[in-house]
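Thanks for making the time this morning. I would like to take you through one structure, and I will keep to what can be read from its coordinates.

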Amino acid sequence: MRTFYLFKIKKNYSELTKNNPYNLYKAIENIYYLKQEELGYYYTFFYQLRDTFNKEYLDNNIFEYYKNKYTYTKVNNTHIINDYYTDEKSKLIINQSYLYIKSTKNIPTFLKTITKKDNIFVCDFINKDYFWLEELA
């Protein structure tokens with residue numbers, strides 16, 4: 001199982017880290033592993049770093065794209081693909097500050113359908129993996 005967190009990074013930070021995303025990953029990873037009581041200052045930093053997703057727009061677009069596929073289910077802001085033929089089980093949860101994908105695939109189908117033009121940075125903290133979404137194109 002892979003767990004991906006997708007963050008929409010503000011344009012000025014994405015331009016600074018586009019060719020060397022390691023420092024961006026480490027900054028986000030440090031925030032990810034903080035304890036709840038340590039979050040105050042770092043949340044301010046994270047707020048300056050990331051942009052917000054248009055939750056309703058993204059939710060509707062993903063639904064429209066998959067609604068006629070037999071492998072797709074949607075409940076509230078959770079989208080699920082359960083494809084027995086490709087052996088993929090993926091769940092996408094849409095939040096305003098990040099997207100969460102849990103999948104049996106290394107590259108879930110949802111990653112291929114989310115727009116690649118919005119400076120989206122993908123992190124898998126468990127497997128120490130990170131990349132810009134546009135690199136999948």
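I will go through the strands, then the nonpolar cores, and finish with one residue in a helix.

Please keep in mind throughout that this is a predicted model. Let me begin with β6, which is mostly covered, in that four of its five residues are buried. On one side of the pairing, β1 and β6 run antiparallel to each other over five bridges, and within that pairing T3 has K102 in β6 as its bridge partner. β6 also pairs with β5, again in the antiparallel sense and over five bridges, with I93 standing opposite Y100 in β6, and the hairpin that joins β5 to β6 does so through four residues.

Turning to the cores, the largest nonpolar one has 19 residues, and L6, I62, L99 and I101 are those with the most contacts inside it. The elements that give two or more residues to this core are β1, α4, β5, β6, α5 and β7, and the largest share, three residues, comes from α4. If we set aside neighbours within four places in sequence, L6 is in contact with a list of residues that includes F53, L99, I101, L111 and V122. There is also a second, separate core of 14 residues, and among its members are Y5, L24, L49 and F121.

Finally, what about T17, which lies in helix α1, residues 11-17: is T17 buried or exposed? T17 counts as buried because its relative accessible area is 13%, and the cut-off for buried is under 20%. Not counting residues up to four places away in sequence, T17 touches L24 and W132.

Methods. Residues numbered from 1 in each chain as written. Predicted model: local features only at pLDDT ≥ 70, side-chain atom pairs only at ≥ 80, totals over all residues. Heavy atoms only, no water. Buried < 20%, exposed > 50% of the residue type's maximum accessible area, 1.4 Å probe, protein only. Contact = heavy atoms within 4.5 Å. Core = buried A, V, L, I, M, F, W, Y, C linked by side-chain atoms within 4.5 Å. Pairing = 2+ DSSP bridges.
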